[in-house]
Amino acid sequence: MHGKLHPIVAQMAPNVEQLPAVSARGCDVVVTAGAGTGKTRTLVARYLSLLADGKPLRSIVAITFTRKAAREMRNRVRAEVQRFLAHGDLTAQQRDRWQEVYAELDAARIGTIHSLCTEILRAHPAEARVDPRFQVLEEGQAALLRREVLDAAL
């Protein structure tokens, strides 16, 4: 059905409902479900399966709604790579590949939509016609500004 899972993905034991999202290729995947249903686990397994396919770390984009969720996802990816590296039966090539992934995880594109858009705009400010020194509003600032605009409009 989904072929043999790479050992780094198999160690997470994705269930039957998670496998399609983990194994899908050639398309984007959106995972939506209620709290505590395994969304992060599913996305981490998918992320690791793409890395196991040989995809470069920076070519994979994982977007979450909150910084907390992004941090959790990055930490889980890190923990799973570390757990995989603890296996004694890896080839030297496997060990080198996953140690490299582990070392580069801070540069992984795991973040919020705001962080992804910021990265794109900073890389292409002229094309986007934005000041390269722009800053993203913090949530609190945005809420205050929204309230001021609504008050002024009403």
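This briefing describes the fold, the surface and selected residues of one protein chain. The model is a predicted one. The protein chain contains 8 helices and 2 strands, arranged along the sequence in the pattern α-α-α-β-α-α-β-α-α-α. The radius of gyration is 19 Å, well over the 15 Å that the globule rule gives for 154 residues, so the protein chain is more spread out than a compact globule.

**Overall dimensions and contacts**

- The C-alpha trace of the protein chain spans about 65 × 35 × 30 Å along its principal axes.
- Among contacts in the protein chain with a separation of 6 or more, 61% are accounted for by residues 24 or more positions apart.

**Burial, surface and charge**

- Of the 154 residues in the protein chain, 29% are buried.
- The area exposed by the protein chain is about 10500 Å², and carbon and sulfur atoms supply 56% of that area.
- The protein chain carries 22 positive and 17 negative charges, and the mean positions of these two sets are 3 Å apart.

**The two strands**

- Strand β1 covers residues 61–64, and strand β2 covers residues 109–112.
- The two strands pair in the parallel sense, over 4 bridges.
- Side chains alternate along β1: Ala62 and Thr64 point to one face and are buried, whereas Val61 and Ile63 point to the other face and are not buried.
- Ile63 has Gly111 of β2 as its bridge partner.

**The loop between α1 and α2**

- Helix α1 comprises residues 7–10, and helix α2 comprises residues 19–23.
- Gln11 is placed in the loop between these helices.
- With a relative accessibility of 15%, Gln11 falls under the 20% cut-off and therefore counts as buried.
- Apart from its neighbours within four places in sequence, Gln11 is in contact with Glu80, Arg83, Phe84 and His87.
- Ala13 also lies in the loop between α1 and α2.
- Ala13 has a relative accessible area of 51%, which is over the 50% cut-off, so Ala13 is exposed.
- The phi angle of Ala13 is near 50°, a positive value in a residue other than glycine.

**The loop between α2 and α3**

- Ala33 is found in the loop that runs between α2 and α3, the latter being residues 39–52.
- The relative accessibility of Ala33 is 42%, and Ala33 therefore counts as partly exposed.
- Ala33 and Leu145 are 112 residues apart along the chain, and their C-alpha atoms are separated by 31 Å.

**The loop between α7 and α8**

- Arg129 is located in the loop between α7, residues 125–128, and α8, residues 139–153.
- Phi of Arg129 is near 55°, which is a positive value in a residue other than glycine.
- Arg129 counts as exposed because its relative accessibility is 78%.

**Helix α8**

- Ala152 lies in helix α8.
- The relative accessible area of Ala152 is 66%, so Ala152 is exposed.
- From C-alpha to C-alpha, Ala152 and Arg83 are 55 Å apart in space, and in sequence they are 69 residues apart.
- Arg83 is also one of the residues in contact with Gln11.

How values were computed: Residues numbered from 1 in each chain as written. Predicted model: local features only at pLDDT ≥ 70, side-chain atom pairs only at ≥ 80, totals over all residues. Heavy atoms only, no water. Rg over C-alpha atoms; globule rule 2.2 N^0.38 Å. Buried < 20%, exposed > 50% of the residue type's maximum accessible area, 1.4 Å probe, protein only. Contact = heavy atoms within 4.5 Å. Areas by Shrake-Rupley, 256 points an atom, 1.4 Å probe, with all protein chains shown as cover. Lys, Arg positive; Asp, Glu negative; His and termini not counted. Charge placed at Lys NZ, Arg CZ, Asp CG, Glu CD. Pairing = 2+ DSSP bridges.
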